[in-house]
Amino acid sequence: MHRSSTCNFMYGDLTDKKTIDKIRHTFDNYESNFYEVLLYSKNRTPIWLYMQVAPIRNENDKVVLFLCTFRDITLFKQPIEDETTKGWTKFARLTRALTNNRHLVQQIAPLNKTEVNHKPSRLAEALQLGSDILPQYKQEAPKTPPHIILHYCTFKTTWDWVILILTFYTAIMVPYNVSFKTRQNNLAWLVVDSVVDVIFLIDIVLNFHTTFVGPAGEVISDAKLIRMNYLKTWFVIDLLSCLPYDIINAFEHVDDGLSSLFSSLKVIRLLRLGRVARKLDHYLEYGAAVLVLLVCVFGLVAHWLACIWYSIGDHEVIDEITNTIKTDSWLYQLALSIGTPYRYNVSGTGQWEGGPNKDTLYISSLYFTMTSLTTIGFGNIAPTTDGEKIFSVAMMMVGCKY
């Protein structure tokens, strides 16, 4: 490989042997360097070439191939005398050649050795959320229109991290709000959720102006293709996820049926987790990252199951047909054990009131799901109705897979 890479078939009488030895030494020691070497074309015409050598490493930091770049610099080494420059000195011809080929001078400007040999750190690779990280030998960023953002630039990487964090926030709060039927009357939470909606809306605008990797591995920067690709993939889900359900749900005149509909529609936001899962694929090669991700996923699953567990208990604790309390429900048993029993308001609303507060209910639900997933349940919170038992069996099967 080294003999063919040094182009020995292009050697001639004036080819510098020392330069050839240096090139061979570069290959043998897996180094990056650049040289000016005189070689010969097929018709034995001498040509000066500017040669750049860059080793390409795999994920194990092992050199698997070399990238060699050649540029013709004969014009700068041997200025040609033509009819218009007849009688000119060699310096005058060289000056004219340089003036007429300024763009060529910029192209062959030697790269700094530290730039050629640059290898992204493991931390930098880990922070890149996009799964389409550029190879090391792609040292020049593609030309893009002014309003187009490269999907691997620093700004987009930072923005993707912000979206990732807000997506996890949404994955936690949406099931809680839907299950516990909370109205966002708290001004602080309403402002936070509104800011999240605005950021998701800005993300939609940015996605219409962000490059993506095509099927052949090329970076697509055409604005029309970017828009078509986004419209056919994640646009509908992103649009539904940024609608201000919390603001609409906060108004007092919204009836319970419409409020439940808005709360249910917020579950659509959980589909954004599909994008997160795709972006986190390359984390699987980092042992510590895998451990952290497993803990986060386990906690998120336990949180979702806790919300479902409470919804089942809340649905079964009161028989809506006979308007009576079910004494075998886990919510009724919990209310008795902590001294906050359910009571029927005969003179007022004519409905059942009392019971534990929402914080206690959530903590108790999360405690039960955690103990069930880890198969160390103590029985102080236990399923009693058929629906609760069926869900508990399904939850234990999920816990066995962990």
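Begin at the second largest pocket of this predicted model, which holds about 780 Å³ of space. It is lined by 22 residues, and the ones to select for its centre are Lys-181, Tyr-310, Asp-314, Ile-318 and Trp-352, which are the closest to that point. If you then colour the lining by secondary structure, the elements that give two or more residues to it are H8, H15, strand E9 (352-354) and helix H17 (358-373). The largest share of this lining comes from H15, with four residues.

Stay with H15, which spans residues 287-316, and select Phe-298 within that helix. Is Phe-298 buried or exposed? Its relative accessible area is 18%, and because buried means under 20%, Phe-298 counts as buried. Now add Met-370 to the selection: the C-alpha atoms of Phe-298 and Met-370 are separated by 9.2 Å, although the two residues stand 72 residues apart along the chain.

With the helices still in view, select residues 161-180 and then residues 286-312, the two ranges at which an unreviewed UniProt entry places the feature "transmembrane region". For residues 161-180, a distance drawn between the end C-alpha atoms comes to 29 Å, and the span is 95% helix and 0% strand.

Move next to helix H8 (residues 154-179) and show the side chains of Lys-156 and Asp-160, which are four residues apart in that helix. These side chains meet in a salt bridge, with an N to O distance of 2.8 Å. What is the spacing of the pair along H8? Because Lys-156 and Asp-160 are four residues apart, they are separated by about one helical turn. Both partners, Lys-156 and Asp-160, are buried.

The count of salt bridges in the model comes to two, and another to display is the one between Asp-21 and Arg-24, where the closest N and O atoms are 3.7 Å apart. Here the residues are three apart in helix H2 (residues 17-28), so Asp-21 and Arg-24 are also separated by about one helical turn. As for exposure, Asp-21 counts as partly exposed at 46% relative accessibility, and Arg-24 is likewise partly exposed, with a relative accessible area of 27%.

From H2, step along to Tyr-30, which is found in the loop between H2 and strand E1 (33-40). The backbone is the thing to inspect at this position, since most residues other than glycine have a negative phi. Tyr-30, by contrast, has a positive phi near 55°. With a relative accessibility of 43%, Tyr-30 counts as partly exposed.

A positive phi can also be inspected just after H16, where Gly-339 takes a value of about 80°. While you are there, select helix H16 itself (residues 330-337), in which Trp-330, Leu-331, Tyr-332, Leu-334 and Ala-335 are buried.

For the last stop, switch to a surface representation and select Val-236, Leu-239, Leu-240 and Leu-243, which make a nonpolar surface patch of about 280 Å². To place this patch on the fold, note that Val-236 lies in helix H11 (residues 235-241).

Technical notes. Residues are numbered from 1 along each chain as its sequence is written. This is a predicted model: local features need pLDDT of at least 70, side-chain atom pairs count only at pLDDT 80 or more; totals for chains, interfaces and linings use all residues. Side-chain values use heavy atoms; hydrogens and water are left out. Buried means under 20% relative accessible area, exposed over 50%, partly exposed in between (1.4 Å probe, protein chains only). UniProt positions are given in the numbering used here, feature names are shortened, and annotations may be inferred rather than shown by experiment. Patches are made of residues with over 30% relative accessible area and no salt bridge: like charges are joined within 9 Å, nonpolar side chains (Val, Leu, Ile, Met, Phe, Trp, Tyr) within 5 Å. Accessible areas come from the Shrake-Rupley method with a 1.4 Å probe; for residues, only the protein chains shown count as cover. A salt bridge is a side-chain nitrogen of Lys or Arg within 4 Å of a carboxyl oxygen of Asp or Glu. On a 1 Å grid over the protein atoms alone, a cavity is a set of points where a 1.4 Å probe fits but cannot get out, and a pocket is an open set with protein on both sides within 12 Å along at least five of seven lines; lining residues have an atom within 4 Å of a point. Grid points are joined across faces, edges and corners, and a volume is the space filled by probe spheres set on the points.
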